[in-house]
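Dear colleague,

I am handing over the structure shown below, together with an account of what was found in it. Please read the notes that follow with the structure open beside them.

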Amino acid sequence: MKRRRMGEWLLSIPSVVWLILFFALPTLLIFGLAFKPATINGGIGPGWTLDAWFRLGNPSYLSILWRTVWLSLSCTVICIGLGVPVAYWIARLPTKARQWALILIILPFWTNFLIRVFAWRILLHPDGLVKQALIKLNLAEMNDQLLYNHWAILLVLVYTYLPFAILPLYAAAEKFDFDLLDAARDLGAGRWVAFYKVFLPGVRVGMLTAILIVFIPALGSYAIPEIVGGPTSEMIGNKIAQRVFTERSLPDASALSAVLAIGVFLPLLLIYLYRHRRGAAPSELEGGQF
């Protein structure tokens, strides 16, 4: 047993060292810089201060933070809402058709991310195909603006992160026993009731994974709001870049980054507590605690 544990520790050392050097230490450094004063030339001054944290109370920061949260949450909800039925459909396909469907899902990854975002900028341009098609269908007018607003950001966010939601949902759906749905229907449950009460709980782990994979990167999005959102639709990632490269205020950028890190850790903590509680339930029942 001791040899086995020693072997597990030895195998874990590279991953632990990697996480410490490139995740834990940079995160601690960012939190530390948030309590330092800034110098005129863009450096870090001596001493400690809470000025960077007090400046986060600026109404402009609060509006950007709220915009970041609701866009990320909306993107996550839409991706899960679209990803669950797509994963269900792919999992029910024959093997060969399933392989082709997965290829179509991952096909956008063969193109550079920035190229795909710029392609949406061209499509949503006033002279682009989408705008012209909507005008011909009488769904838009010449003065309507499809670019440089929240909805353009949300559209491209969903387009970008939808495959990341579908893949873990499909991985969970593939392992699901679809005979359980037939059994539920035989017992009187309707199709939608069986889907909601049998299939969704059966792919719960895949849903939690998809939520994390979509929500966390969406919180830190920078390129998408920069390219299709414009200056009035900034997200917190854009403001961090502005503080670093334009204003050269590292403490302010660190404070914003710390808020973003907390926003990333919070859903991870909530899901961990949820899974820990679900895992502790059987042991509580075995011990006679109700």
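Tyr148 is placed in the loop that links α6 to α7. Please note that the model is a predicted one. The backbone of Tyr148 deserves a look, as its phi is near 60°, a positive value in a residue other than glycine. Is Tyr148 buried, exposed or partly exposed? Its relative accessible area is 37%, so Tyr148 counts as partly exposed, in the band between the 20% limit for buried and the 50% limit for exposed.

The loop between α6 (129-136) and α7 also holds Gln145. With a relative accessible area of 43%, Gln145 is partly exposed. Gln145 and Asn112 are 33 residues apart along the chain, and 26 Å separates their C-alpha atoms.

A positive phi is found at Arg248 as well, with a value of about 55° although Arg248 is not a glycine. Arg248 belongs to the loop between α12 (236-246) and α13 (250-286). The relative accessibility of Arg248 is 46%, and this residue therefore counts as partly exposed.

The chain as a whole

The secondary structure consists of 13 helices and zero strands. The chain has 290 residues, of which 37% count as buried. Along the principal axes, the C-alpha atoms fill a box of roughly 70 × 70 × 40 Å. Among contacts in the chain with a separation of 6 or more, 67% are between residues 24 or more positions apart.

How the helices pack

Three helix pairs are described here, beginning with α3 and α7. Their axes come within 6 Å and cross at roughly 40°. An angle of this value is neither under 35 degrees nor in the range from 65 to 115, and α3 and α7 are therefore oblique to each other. The crossing of these two helices is right-handed. In the contact of α3 with α7 there are 23 nonpolar residues, three polar and two charged.

Helix α7 (residues 150-174) also packs against helix α4 (residues 95-106), at an angle of about 155° and with the axes 10 Å apart. Because angles over 145 degrees count as roughly antiparallel, that description applies to α4 and α7. Their crossing is left-handed. On the α4 side, the contact is made by Arg98, Leu102, Ile105 and Ile106, and on the α7 side by Pro163, Ile166, Leu167, Tyr170 and Glu174. Sorted by class, this contact of α4 with α7 has seven nonpolar residues, no polar ones and two charged ones.

The third pair is α8 and α9, whose axes come within 9 Å and cross at roughly 130°. That angle makes α8 oblique to α9. The crossing in which α8 passes α9 is right-handed. Here Leu180, Leu181, Ala184 and Arg185 of α8 meet Arg191, Ala194, Phe195, Val198 and Phe199 of α9. The contact of α8 with α9 comprises seven nonpolar and two charged residues, with no polar ones.

The nonpolar cores

Which residues touch the most other members of the largest nonpolar core? They are Cys75, Phe199 and Val228, in a core of 48 residues. Two or more residues of this core come from each of α3 (59-91), α4, α5 (113-123), α7, α8 (179-186), α9 (191-202), α10 (204-219) and α11 (223-229). Helix α7 provides the largest share of this core, 13 residues.

Phe199 illustrates how residues from separate parts of the sequence meet. When neighbours within four places in sequence are set aside, Phe199 is in contact with Val84, Tyr88, Ala173, Phe176, Phe178, Leu181 and Ala194. A second core, separate from the one above, has 13 residues, including Ala253, Ala255, Leu256 and Leu260.

For a reader new to this structure, α7 may be a convenient place to begin viewing. This helix packs against α4, its axis and that of α3 come within 6 Å, and it gives the largest share of the 48-residue core.

With kind regards

Terms used. Residues are numbered from 1 along each chain as its sequence is written. This is a predicted model: local features need pLDDT of at least 70, side-chain atom pairs count only at pLDDT 80 or more; totals for chains, interfaces and linings use all residues. Side-chain values use heavy atoms; hydrogens and water are left out. Axes are lines fitted to C-alpha atoms, for helices over the stretch in contact, and angles run from 0 to 180 degrees between N-to-C directions. Helices (H or I, at least four residues) and strands (E, at least two) are DSSP runs, numbered from the N terminus. A crossing is left-handed if the near helix is turned anticlockwise from the far one by less than a right angle, and right-handed if clockwise. Contact means heavy atoms within 4.5 Å. Ala, Val, Leu, Ile, Met, Phe, Trp, Tyr, Cys and Pro count as nonpolar, Asp, Glu, Lys and Arg as charged, and the others, Gly among them, as polar. A nonpolar core is a set of buried Ala, Val, Leu, Ile, Met, Phe, Trp, Tyr and Cys residues joined through side-chain atoms within 4.5 Å. Buried means under 20% relative accessible area, exposed over 50%, partly exposed in between (1.4 Å probe, protein chains only).
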